[in-house]
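Please open the structure in your viewer and keep the selection tool at hand. This tour goes stop by stop.

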Amino acid sequence: MMNKIKTLVAAFLLISFASFAQTSNQPLKIGYTNVEYILLQMPESKQIESELKTHSTQLENQLKTKYADYESKLQAYEKGAATMDKVVRDDKEKELMNLNSSIQEFQRSAQASLQQKEKSLVDPVIAKIDKAIKDVAKENGYTYVISNQALLAGPEDGDISPIVLKKLGVDPAKAQQTPEPSATKPAATTTTAPAKSNAKKKNK
């Protein structure tokens, strides 16, 4: 799930950290943090993951029902096609093609539904983190705050993540280790299984 959230976080990083610059007569002070790391520490993170898993399972079950119906009708067609009247056979083949198209359309709409659900759950939390970072920057005199994923080197006291966590009501002492850019949680299990692209058809 969290790998998917990285896209939303990245978009947030592009627009969020330039609006609280201090006046020009103050010394330059740069801090850094990791929005994804902060998100992982928040209690909302587990709730998001749980709700996404529930939604994904519901969609998966619907797909399995559709696919089972398709397989059942396909097997019945294959067993009886040789003895079917041409009109009946044509009708069965058309039904199978429509069912197959319906499965593929459901796969597309299910993926879109899951992405929309994820966005609706994550956006409010990202906005909350955004405000906390800006408040911390203003209260502590930081001119800029950048993502530590773009940081090649920097002093430990430049990391404002513990202060932001406190601002959000999270105890930094109980926080997990900062994740490496390539070592975040894996994405949620794919919602849908591939459907057969074409209904099998007997030669007429």
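The stops below go from the whole chain to a core and then to charged pairs.

**Stop 1: the whole chain**

Start with everything shown. This is a predicted model. The protein has 204 residues, and 35% of them count as buried. Colour by secondary structure. You should find 5 helices and 2 strands. Read from the N terminus, their order is α-β-α-α-α-β-α.

Now switch on the surface. About 12200 Å² is exposed, with 53% of that supplied by carbon and sulfur atoms. How far apart in sequence are the residues that contacts join? Take the contacts between residues at least 6 apart: 90% of them join residues at least 24 apart.

**Stop 2: confidence**

Colour by pLDDT. The average is 78, and 70% of the residues score at least 70. Select residues 14-23. Here the pLDDT is below 50, and the stretch has 21 contacts in the model beyond near neighbours in sequence. Next select residues 178-204. Their pLDDT is below 50 too, with 68 contacts beyond near neighbours in sequence. Where pLDDT is low, the predicted coordinates should not be read in detail.

**Stop 3: the largest nonpolar core**

Which residues touch the most other members of the largest nonpolar core? Select Ile38, Met42, Ile129, Ile133, Ile160, Val164 and Leu168: these are the ones, in a core of 36 residues. Then show the helices α2, α3 (43-80), α4 (86-139) and α5 (161-167). Each gives two or more residues to this core. Helix α4 makes the largest contribution, 14 residues.

**Stop 4: isoleucine 38**

Zoom in on isoleucine 38. Look for it in helix α2, residues 35-41. Is isoleucine 38 buried or exposed? Its relative accessible area is 0%, so it counts as buried.

Show what surrounds this side chain. Setting aside neighbours within four places in sequence, isoleucine 38 is in contact with Thr33, Ile129, Ser161, Val164, Leu165 and Leu168. Among these, Ile129, Val164 and Leu168 also appear in the list of core residues that touch the most other members.

Now add valine 170. Draw a line from its C-alpha to that of isoleucine 38. The two are 132 residues apart in sequence, but 9.2 Å apart in space.

**Stop 5: charged pairs**

Side chains of opposite charge can pair when their charged atoms come close. The model has 10 salt bridges. Three of them follow.

Go to helix α3 and select aspartate 69 and lysine 73. They lie 4 residues apart, about one turn of the helix. Their side chains form a salt bridge, at 3.7 Å from N to O. Aspartate 69 has 32% relative accessibility, so it counts as partly exposed. Lysine 73, at 31%, is partly exposed as well.

Move to helix α4 and pick glutamate 105 and arginine 108. These two are 3 residues apart, about one turn of the helix. A salt bridge joins their side chains, at 2.9 Å from N to O. Glutamate 105 is partly exposed, at 42% relative accessibility.

Stay in helix α4 for aspartate 130 and lysine 134, which sit 4 residues apart. The closest N and O atoms of this salt bridge are 3.5 Å apart. Which partner is buried? Aspartate 130 is, because its relative accessibility is 16%, under the 20% cut-off. Lysine 134, at 23%, is partly exposed.

For the last selection, take Asp69, Lys73 and Glu95. Salt bridges with shared partners join them into one network.

Definitions and conventions: Residues numbered from 1 in each chain as written. Predicted model: local features only at pLDDT ≥ 70, side-chain atom pairs only at ≥ 80, totals over all residues. Heavy atoms only, no water. Buried < 20%, exposed > 50% of the residue type's maximum accessible area, 1.4 Å probe, protein only. Contact = heavy atoms within 4.5 Å. Areas by Shrake-Rupley, 256 points an atom, 1.4 Å probe, with all protein chains shown as cover. pLDDT = per-residue confidence, 0-100. Core = buried A, V, L, I, M, F, W, Y, C linked by side-chain atoms within 4.5 Å. Salt bridge = Lys/Arg side-chain N within 4 Å of Asp/Glu carboxyl O.
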